[in-house]
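Please look through the sequence and the model that follow, and keep both in view while reading the explanation below. The text moves from the sheet to the helices, and then to contacts between side chains.

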Amino acid sequence: MTPNTLRPTALVIGATGGIGGEMTLALLRRGWRIRALNRNVTKAAKDHASLGPVEWVAGDAMKPADVIAAADGVSLIVHAANPPGYRDWERLALPMLDSSIAAAEACGARIVFPGTVYNYGPDAFPLLTETSPQNPLTRKGRVRFAMEQRLRDAAGRGVRTLIVRTGDFFGPRAGNNWFAGGMITPGKPVRSVYNPGSPGVGHAWAYLPDVAETMAQLIDREPELAAFETFHFGGHWMEDGADLAEAVVRATGNPRIPIRRFPWWALRLAAPFFTLAWELQEMRYLWKEPVRLDNRKLTAFLGSEPHTPLDTAVSATLEGLGCVPGDGTAKALPAAA
């Protein structure tokens, strides 16, 4: 084993979330030391012990001084902070990113940032490349665009950034997404599956362990990356909106489980009173047209894209979310190379 003094250290902002947790596991597999920022380190260490040997550091991502102190000596900052339930997105997302940028500027680390398709409007559809125009239609899309612009500006000051853009997340540790928040109910057996898509309209999904493995493989080749680098991750492309819902039914082993149309009308009624409903309703345009990510740059660079078979990925996700019984091993399954 390489001595600790020779092992690189990464600071993960958001290790208790879906992509942050998977990035923690992917980097630990490669021998990295992981430092994770959290406001309640005792609870985080207890609730997320399955992540392994993580050094939990008390701090608030909204406070630059906390992040700068936590980042001392690190060579990588994984910025996976996400306001829970989309609450106060406009007020919280940019200041948290500013904290990570300040920390990276102070210690010389590269920032790794998970990108989304929210940055794009219909003028860029149906196939998104790394150079597609970003003309967001929604408030959240404008915030995401502003976040990436700040990272691009910071690159001019020497702050290196890696963005890996994906479709909608799903995975065994991820609860703040369409799969867990709109299609099934975490912690309960699957009785029905909701399909938010339209018949015949394709949709891009990203299995988080595969996304994390992709990011880790790119980080392995740090000397070859540009100061501001963006890659698109293809993930699981569903030609029809019902394809993922059908995979959920297969994973339960009960073919009689019904697939229902997602009740968009209910979101419209709830939107004035429920923040998540408003945010989900605002993103409906992404379900009305096919939106696919072009991963040719990624596959040319890496040779291939990490890809877990759909049924394996869905089964692991449902087990991790407590929707089907299991022995717990699915929570720690490495991504397929």
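In this predicted model, strands E2 and E3 pair in the parallel sense, and 5 bridges connect them. One place to find this pairing is Asn38, whose bridge partner in E3 is Ala58. The two strands belong to an open sheet of 7 strands with parallel pairing, which can be followed in the order E3-E2-E1-E4-E5-E7-E11. At the edges of this sheet lie E3 and strand E11 (228-232), each of which pairs on one side only. If direction is ignored, neighbouring strands of the sheet are turned by 20° against each other on average.

Helices lie across this sheet. Helix H4 lies across strand E1 (9-13), strand E4 (76-79) and E5, and H4 runs at about 175° to E4. Helix H7, in turn, lies across E4, E5, E7 and E11, and its direction makes an angle of about 150° with E7.

The next topic is the salt bridges, of which the structure holds 15. One of them is formed by Glu213 and Arg29, whose closest N and O atoms are 3.3 Å apart. Because Glu213 lies in helix H7 (residues 208-220) and Arg29 in helix H1 (residues 18-29), this pair ties together parts of the chain that are 184 residues apart in sequence. Glu213 has a relative accessibility of 9% and therefore counts as buried, whereas Arg29, with a relative accessible area of 41%, is partly exposed.

Another salt bridge returns the reader to the pair of strands at the start, since it joins Arg35 and Glu55, with 3.4 Å between the closest N and O atoms. Arg35 lies in strand E2 (residues 33-38) and Glu55 in strand E3 (residues 54-58), and the pair links distant parts of the chain, 20 residues apart. Here Arg35 is buried, with a relative accessible area of 14%, while Glu55 is partly exposed at 38%.

A further salt bridge brings together the side chains of Glu105 and Arg157, at 3.1 Å from N to O. Glu105 lies in helix H4 (residues 89-107), and Arg157 is found in the loop between helix H5 (139-155) and strand E7 (161-165), so the pair ties together parts that are 52 residues apart in sequence. Glu105 is partly exposed, with a relative accessible area of 39%, and Arg157 also counts as partly exposed, at 47% relative accessibility. Salt bridges can also share partners, and in this way Arg29, Arg30, Glu213 and Asp220 are joined into one network.

Two further details concern the backbone and the cysteines. Most peptide bonds are trans. Phe125 and Pro126, however, are joined by a cis peptide bond, with omega at about 5°, and Pro126 is found in the loop between strand E5 (110-115) and strand E6 (127-128). How many disulfides does a search of the whole structure find? The search finds 0 disulfides. As for individual cysteines, Cys107 is partly exposed, with a relative accessible area of 27%, whereas Cys323 counts as buried at 7% relative accessibility.

Note on methods. Residues are numbered from 1 along each chain as its sequence is written. This is a predicted model: local features need pLDDT of at least 70, side-chain atom pairs count only at pLDDT 80 or more; totals for chains, interfaces and linings use all residues. Side-chain values use heavy atoms; hydrogens and water are left out. A salt bridge is a side-chain nitrogen of Lys or Arg within 4 Å of a carboxyl oxygen of Asp or Glu. Helices (H or I, at least four residues) and strands (E, at least two) are DSSP runs, numbered from the N terminus. Buried means under 20% relative accessible area, exposed over 50%, partly exposed in between (1.4 Å probe, protein chains only). Two strands pair if DSSP finds at least two bridges between them. Axes are lines fitted to C-alpha atoms, for helices over the stretch in contact, and angles run from 0 to 180 degrees between N-to-C directions. Contact means heavy atoms within 4.5 Å. A disulfide is a pair of cysteine sulfur atoms within 2.5 Å.
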